[in-house]
Amino acid sequence: MSEQKQAQKQITVSGVVGDTVKYSTTKLGQPYVSFEMAVQEGPRRGAKRTVYYTVNAFRQLAVNASQSIKPGDRLLVTGTAKEVLLWNRGGSIAKHTINAERMGHDLFWGTSEFTRGTENAEESTDKAQA
C-alpha cells in the first residue's frame, strides 16, 4: 500500500468521541492522547456524510483530555487537519487526522463543569505578572 500526503489546514469540527480514548507517552516521555471522532459533514439541511477523524493531542492538553473525555462525548476540536491517501489495488482510502490545539465539550448538546488544572493556573499567573 502506497501513501500520498495532502495539504494541512486549520479546522474546527464538532463530533462524537468513539469507543476508546488512548493515553500514553512518547519515546521522549511527552504525554499524548488519541481517539476516533465521528463528524457529520454536509449542508445544514439535507444529506450528510460521516467522516471519521483520528484526533491526537500532546503535553498538557493530552493530560487534561485523558481526565475529561470519554466515549460518546460531543466535542469541539480545533487543530491542524491532515488527509493521507492510502493506495492499493482496489483504489484509495483517505485517512483523516487532527493534531489538536484546543478541545472541549460542545455545550450545544449538554452541560459541563470546569476545573482549572494547577499547572495551567501557575503558567497563567506567571505570564500575568511578567
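Which residues lie nearest the centre of the second largest pocket? K9, Y53, A81, E83 and H96 do. Keep in mind that this is a predicted model.

Let me stay with that pocket for a moment. The space in the second largest pocket comes to about 170 Å³. Its lining has 10 residues. By class, the lining residues are four nonpolar, two polar and four charged.

Where does the lining come from? Three strands, β2 (9–25), β5 (74–88) and β6 (91–105), each give at least two residues to the lining of the second largest pocket. β5 supplies the largest share, with three residues.

Now the strands themselves. β5 and β6 run antiparallel, and 14 bridges join them. A hairpin of two residues links β5 to β6. To find the register on screen, take V84: its bridge partner in β6 is K95.

β6 also pairs with β4, which covers residues 49–58. Here the strands run parallel, with four bridges joining them. The pair to look for is V55, which stands opposite I98 in β6. As a general point, side chains in a regular strand alternate between the two faces of the sheet.

Next, one residue in β3. Strand β3 spans residues 31–41, and S34 lies in it. Is S34 buried or exposed? Buried, because its relative accessibility is 11% and the cut-off for buried is under 20%.

What does the side chain of S34 make a polar contact with? The side chain of N56, at 3.0 Å. N56 is also one of the residues on the contact list of S34, once neighbours within four places in sequence are left aside. The others on that list are T20, V21, K22, T54 and V55. V55 we have already met, as the residue opposite I98.

Last stop, the helix. V63 sits in α1, residues 59–68. Which residues does V63 touch, not counting those up to four places away in sequence? Y23 and P31. P31 falls within the residue range of β3, 31–41. Y23 falls within the range of β2, 9–25.

One distance to check on your own screens. V63 and Q30 are 33 residues apart in sequence. Their C-alpha atoms are 9.9 Å apart in space.

To recap. The second largest pocket draws on β2, β5 and β6, each with at least two lining residues. β6 pairs antiparallel with β5 and parallel with β4. S34 is buried, and its side chain makes a polar contact with that of N56. V63, in α1, touches Y23 and P31.

Methods:
Residues are numbered from 1 along each chain as its sequence is written. This is a predicted model: local features need pLDDT of at least 70, side-chain atom pairs count only at pLDDT 80 or more; totals for chains, interfaces and linings use all residues. Side-chain values use heavy atoms; hydrogens and water are left out. On a 1 Å grid over the protein atoms alone, a cavity is a set of points where a 1.4 Å probe fits but cannot get out, and a pocket is an open set with protein on both sides within 12 Å along at least five of seven lines; lining residues have an atom within 4 Å of a point. Grid points are joined across faces, edges and corners, and a volume is the space filled by probe spheres set on the points. Ala, Val, Leu, Ile, Met, Phe, Trp, Tyr, Cys and Pro count as nonpolar, Asp, Glu, Lys and Arg as charged, and the others, Gly among them, as polar. Two strands pair if DSSP finds at least two bridges between them. Buried means under 20% relative accessible area, exposed over 50%, partly exposed in between (1.4 Å probe, protein chains only). A polar contact is a pair of N or O atoms within 3.5 Å; within protein, one must be able to donate a hydrogen and the other to accept it, and residues adjacent in sequence count only if both atoms are side-chain atoms. Contact means heavy atoms within 4.5 Å.
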